[in-house]
Amino acid sequence: MNNKLNIAGKLAKTFIDHPLTFILSIFILLLGFISLEFMPREENPQIKVSGGAVIVPLPGARPSEIKKVIIEPLEKKIREIKGVEHIFSYAKDSVGIVQVQYYIGEDKEESNLKLYDQVMRNMDNMPKGALTPIIKTMDIDTDIPIATIAFYSNHKAVSSSDLYNEVSKIAYEINKIDKVALVDLKGEKKPQYNIEVDANKIAAYNLSLGQIAKQIKALSLTTPNINADNKTGDLMVLSIKNAIESKKDLENIIISYNFNTPVYLKDIAKISRSYDIQNKKEAYLYKKDTKDKAIEQVTLMVSKLKGANSVTINEDIFAYIDSIKSTLEKKGIKYVITRDDGYTANNAVNSLVQNLLISILIIAILLIFSLGLKEAMIVSLLVPMILSLTLFIGFMMEETINRITLFALIVSLGMLVDAAIIVIENIVRHKKEDKNKTDLKTLSINATNEIGNATNIATVAIIMTFLPMFFVGGMMGQFMHPLPVFVPIALIVSLIVAYVFTPYLVRKFL
């Protein structure tokens, strides 16, 4: 036996007869199964994009004044924050807005805290009369939905505002589900009173829109209940209810007097109880059985927290929706699931497992003709162990299974068997050429040791080709992040597994 063993020889010598080698192999496969079951699954990598907006009101100020006393000083201070990539600002009457965009990959919570701290620490630089700044953070990484559900009315009695009210209740319940980050509605139409003023009539009565708005606003205030004790000790309750509670209340508001005759709101405007007609955003659903007729709908969109499992979250969401299906149908509301990232992510992982099994079978068939049946079996047994250990390391690093992770595993699949094939081929060659009838244990260790350094260098060279991807910045760098992580891990693991288990399996099978 060669006394100068490299890392390959030492690993082969340590594990070729070790009683725990078989248990270690079963343990590795078990780790892979656990990782595959519990590793979060998602359609695409969730990219961190941090940003925020600082809104500073200054009542009565012109845009030019806002720019000078609010925008410019605020921009100067925000530029001191590390990690800021772009600043976009604009001034309007009575308000200044500064938008901040951080470099992609910057920690969201830390960036938000730095922005808030920088603005609050420099409050003394704000001009006199400026109101407290409003700091609005932008959670772009949680804005991409993993599930969307389109709700639509199946009955004429259900109005657009009624549909919105029902869907908003559903949104509130879904927001309680664990790991759900954001629930948003698109195409919603909130209930309200609409007052459509006739321009010709208000001109005839010599009125302005400002006067009308002022009168309506004055009567829309609610006076709270007033409780007081009198001299006799009796409790007196004074209550004034809201002046506007119905369409009729609005119609009978007196806007002005014309020659001592009251001018009511109904005289100059059309009043209706409907939805917010100012909202021009609409969503439609097209179904085959309706002959391309558009159906008004409200889309409920659900986003998840970073690192959460879209499969389990979507299962919880759709289980809740299914539980209230009969209740919704009684109310004349139906729904269609228009997006399910959990389903596609789960299918992608299951498809990968099937493809890996097929790939292992193909590799085994090819090796049967080149090395032999037993040798092909040995290499085929090593592939699941390599992938299991790779997935477990990724799980420990809090990575997720997504389309890029799967792509990385598929890319590395062809290279995973290289080390095992090299080791077993060298052992078989030594066995055929051995004239001294060396025992198989010593022969296997020497053969593994012989190709160790060369195989190590070849593997490191392949890994080095993927390392530059670590330094790719921007959106592409974040999106492709799993590739330079999983490929090097898989290649390093394939070396270790080949050195540890190939000699052991050779001794058992050959």
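This is a short walk through the enclosed cavities of the structure, followed by a look at one leucine. Keep in mind as you read that the model is predicted.

Let's start with the empty space inside. Searching the whole structure turns up two cavities of 30 Å³ or more. The largest has a volume of about 80 Å³. If you would like to find it in your viewer, select the residues that line it: Val69, Ile70, Pro73, Leu74 and Lys77, together with Asn122, Asn125, Met126 and Pro127. Sorted by class, that lining is made up of six nonpolar, two polar and one charged residues.

Now move on to the second largest cavity, with a volume of about 60 Å³. Ten residues line it, and those nearest its centre are Ser160, Gly187, Lys189, Glu296 and Gln297. Two elements, α5 (160-174) and β14 (294-304), each give two or more residues to this lining. The largest share is that of β14, with three residues. Here the classes come out as four nonpolar, three polar and three charged residues.

Finally, turn to Leu209, which is found in helix α7 (residues 209-219). Is Leu209 buried or exposed? Its relative accessible area is 55%, so Leu209 counts as exposed, the cut-off being over 50%. Beyond its neighbours within four places in sequence, Leu209 is in contact with Val197 and Ile202. Val197 is twelve residues away from Leu209 along the chain, and the C-alpha atoms of the two are separated by 8.3 Å.

Methods
Residues numbered from 1 in each chain as written. Predicted model: local features only at pLDDT ≥ 70, side-chain atom pairs only at ≥ 80, totals over all residues. Heavy atoms only, no water. 1 Å grid on protein atoms, 1.4 Å probe; cavity = no way out; pocket = protein on both sides within 12 Å on 5 of 7 lines; lining within 4 Å. Points joined across faces, edges and corners; volume = space filled by probe spheres on them. Nonpolar A, V, L, I, M, F, W, Y, C, P; charged D, E, K, R; others polar. Helix = DSSP H or I, 4+ residues; strand = E, 2+ residues; numbered from the N terminus. Buried < 20%, exposed > 50% of the residue type's maximum accessible area, 1.4 Å probe, protein only. Contact = heavy atoms within 4.5 Å.
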